[in-house]
Amino acid sequence: MTLPTTVLGTNGPTVGIQGLGCMGMSEFYGPTDTAEALATLDAALEAGVTLFDTADIYGSGHNEELIGPFVRANRDKVVLATKFAIERKAEDPTYRGVRNDPAYIRTAVDASLRRLGVDVIDLYYMHRRNPEVPLADSVGAMAELVAAGKVRHLGLSEVTGAELREAYAVHPIAAVQSEWSIFSRDVEHTAVPAAAELGVAFVPYSPLGRGFLTGSFAAAETLSADDYRRYHPQFSGANAAGNAALVEPIGKLAEARGVTAAQIALAWVQQRAEVHGLTVVPIPGTRKRSRLAENTAAATLRLSEEELAVLEPIAGQVTGNRYADMSFTSAGRE
């Protein structure tokens, strides 16, 4: 099966209706088999995945360097997305700062281009919003990158509806990337309606709830020591136990349909396009070809109204925030 295609934004690139998040190939989810991860990139392209998503923060640049050769070898087929804004410090592994100032943006894009080994980035996202920097200044600097030929299309991540409208008034935005899943639906308050109104595509990250919605998560203690989910409120203590129980109905639906819980979760996200009247291209992350095949098979799976009704109340029952610090999410600024 080759994935159907769609267009990101009013005049954005054409992509497969499911993309691939590459973050876990470098960091955050424990040890990685690099050879298998690289093979997964090739398998994704063969399956019709064309939107490949990375960021300068993933592995502190490692992820861009990792996928660079693959991107260059398939440059006419790959729609490359990367991001700037989250600053790290080598001397303090826990530090996360958010930079949106124009000078930083100009430096960041050149560093990403160098690590990736390409001349132009197809979709360049502001990874997080720093409210202390005027949005017009940040998006204005991003627009200059388009004019300079370093970037083709602009994106924003974790912005509110009001912020999206403000940014769009400066320069067209092709896509908004934010967390959206059966477990996390806060973007539906303002960001999704604004995107639908403006003709902006939505690119849901963590559509599988960081693994929760696959039904395989047991307890934080079972995660490797370097797995960042150990520090997420939803994966901690009583929250984890309660949230794991919420996945049971998904598993039952999956069993009845002869599919997996992950496929039910991805189909739910995909059908948000019809519910809200906008383009939706989820980017589930995986490092294994077997999971890639499972994920892409869900792209054309349709859930019935009865099945959707079973899934509808789940997000409202989830306990624990999706991040320990919600200040740099759209929900934290609503």
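## Helix α9 and Leu266

A helix in this report is a DSSP run of H or I with at least four residues, numbered from the N terminus. By that rule, Leu266 of this predicted model lies in helix α9, which spans residues 261-270. Leu266 has a relative accessible area of 0%, and because buried means under 20%, Leu266 is buried.

The surroundings of Leu266 include residues from other parts of the chain. Leaving aside residues up to four places away in sequence, Leu266 touches Gln18, Pro207, Leu208, Pro284, Asn295 and Ala298. For one of these partners, Ala298, the C-alpha atom is separated from that of Leu266 by 6.2 Å, although the two residues are 32 residues apart along the chain.

## The chain as a whole

The secondary structure of the chain consists of 12 helices and 11 strands. The chain has 334 residues, and buried residues make up 57% of them. Among the contacts with a separation of 6 or more, 76% are between residues 24 or more positions apart.

The accessible surface of the chain comes to about 13200 Å². Carbon and sulfur atoms contribute 52% of that surface.

## Helix α2 and its packing

Helix α2 covers residues 62-73. The buried residues in α2 are Asn63, Glu64, Leu66, Ile67, Gly68, Phe70 and Val71. What do the buried residues of α2 pack against? They pack against two helices, α1 (34-47) and α3 (102-116), and against β4 and β5.

## Two residues with positive phi

Most residues other than glycine have a negative phi. Ser60 and Ala85 are considered here in turn.

Ser60 has a phi near 50°, a positive value in a residue other than glycine. Ser60 is located in the loop that runs between β4 (51-53) and α2 (62-73). Is Ser60 buried or exposed? The relative accessibility of Ser60 is 51%, and because the exposed class begins over 50%, Ser60 counts as exposed.

Ala85 has a phi near 130°, again a positive value in a residue other than glycine. The loop that holds Ala85 lies between β5 (79-84) and β6 (86-89). With a relative accessibility of 0%, Ala85 counts as buried, whereas Ser60 counts as exposed. The two loops also relate to the packing described above: β4, which borders the loop of Ser60, and β5, which borders the loop of Ala85, are among the elements against which the buried residues of α2 pack.

Methods
Residues are numbered from 1 along each chain as its sequence is written. This is a predicted model: local features need pLDDT of at least 70, side-chain atom pairs count only at pLDDT 80 or more; totals for chains, interfaces and linings use all residues. Side-chain values use heavy atoms; hydrogens and water are left out. Buried means under 20% relative accessible area, exposed over 50%, partly exposed in between (1.4 Å probe, protein chains only). Contact means heavy atoms within 4.5 Å. Accessible areas come from the Shrake-Rupley method with a 1.4 Å probe; for residues, only the protein chains shown count as cover.
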